[in-house]
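Let's take a friendly walk through a protein chain together. Keep the sequence and the 3D view side by side as you read.

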Amino acid sequence: MEMEMEMEEYKELVKSTLREGPTLVTFTKKDGSTRTGTFTNNPEDIPASKAPKGNQKPKKVNEDLVRAFDVELQQFRTITISTISKIG
């Protein structure tokens, strides 16, 4: 139970950090390689042409995933929270 609570707190930390602005994130990709990039979920840091549209269909939520804007590639990416090795 305590491990679940720690993971929930970590998920919230990741999401709130990304909302603050561009953040350096290191994570393991599905192919096993490590990737470091600058990501954000702050609307002020996402170009209007790339911002999500308000009329999208709701999707099933996977709590272990976070969708964030890759500042360098100028595209949204999905990151598995449990594979993040460093944030900030």
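Start by finding Thr-38, which sits in strand β2, the stretch covering residues 34–40. Keep in mind that you are looking at a predicted model. Is Thr-38 buried or exposed? Its relative accessible area is 17%, and since buried means under 20%, Thr-38 counts as buried.

What surrounds Thr-38, once we set aside its neighbours within four places in sequence? Its contacts come from two stretches of the sequence: Pro-22, Thr-23 and Leu-24, and then Phe-69, Asp-70, Val-71 and Glu-72. With Glu-72 there is also a polar contact, in which the two side chains are joined at 3.2 Å.

Now step back and look at the chain as a whole. It holds one helix and five strands, and if you trace it from the N terminus, the order is α-β-β-β-β-β. The chain has 88 residues, and 28% of them are buried. Its accessible surface is about 6400 Å², with 53% of that belonging to carbon and sulfur atoms. Next, consider the contacts between residues at least 6 apart in sequence: 52% of these join residues at least 24 apart.

Let's move on to charged side chains. Side chains of opposite charge can pair when their charged atoms come close. How many salt bridges does a search of the whole structure find? The search finds three, and we can visit each in turn.

One of them is in helix α1, which spans residues 2–20 and contains both Glu-8 and Lys-11. These two are three residues apart, about one turn of the helix. Their side chains meet in a salt bridge, at 3.5 Å from N to O. The partners differ in how much they are covered: Glu-8 is partly exposed, with a relative accessible area of 40%, whereas Lys-11 is buried, at 10%.

Another salt bridge brings together the side chains of Glu-63 and Lys-15, again at 3.5 Å from N to O. This pair links distant parts of the chain, because Glu-63 belongs to the loop between β2 and β3 while Lys-15 is in helix α1, 48 residues apart. Glu-63 has a relative accessibility of 40%, so it counts as partly exposed.

The remaining salt bridge takes us back to strand β2. Here Arg-35 pairs with Asp-70, and their closest N and O atoms are 2.2 Å apart. Once more, distant parts of the chain are linked: Arg-35 is in strand β2 and Asp-70 in strand β3, with their positions 35 residues apart in the numbering. Both Arg-35 and Asp-70 are buried. You have met Asp-70 already, as one of the residues in contact with Thr-38.

From Asp-70, let's follow the chain onward. Strand β3 (residues 65–70) and strand β4 (residues 75–80) run antiparallel and are joined by six bridges. To see the pairing for yourself, find Val-66 and look across to Ile-79 in β4, which stands opposite.

Which residue in the hairpin of β3 and β4 takes a positive phi? It is Gln-74, with phi near 60°, in a hairpin that has four residues between its strands. Most residues other than glycine have a negative phi. Gln-74 lies in the loop between β3 and β4, and it is partly exposed, with a relative accessible area of 29%.

Note on methods. Residues numbered from 1 in each chain as written. Predicted model: local features only at pLDDT ≥ 70, side-chain atom pairs only at ≥ 80, totals over all residues. Heavy atoms only, no water. Buried < 20%, exposed > 50% of the residue type's maximum accessible area, 1.4 Å probe, protein only. Contact = heavy atoms within 4.5 Å. Areas by Shrake-Rupley, 256 points an atom, 1.4 Å probe, with all protein chains shown as cover. Polar contact = N/O pair within 3.5 Å; in protein donor to acceptor, adjacent residues only side chain to side chain. Pairing = 2+ DSSP bridges. Salt bridge = Lys/Arg side-chain N within 4 Å of Asp/Glu carboxyl O.
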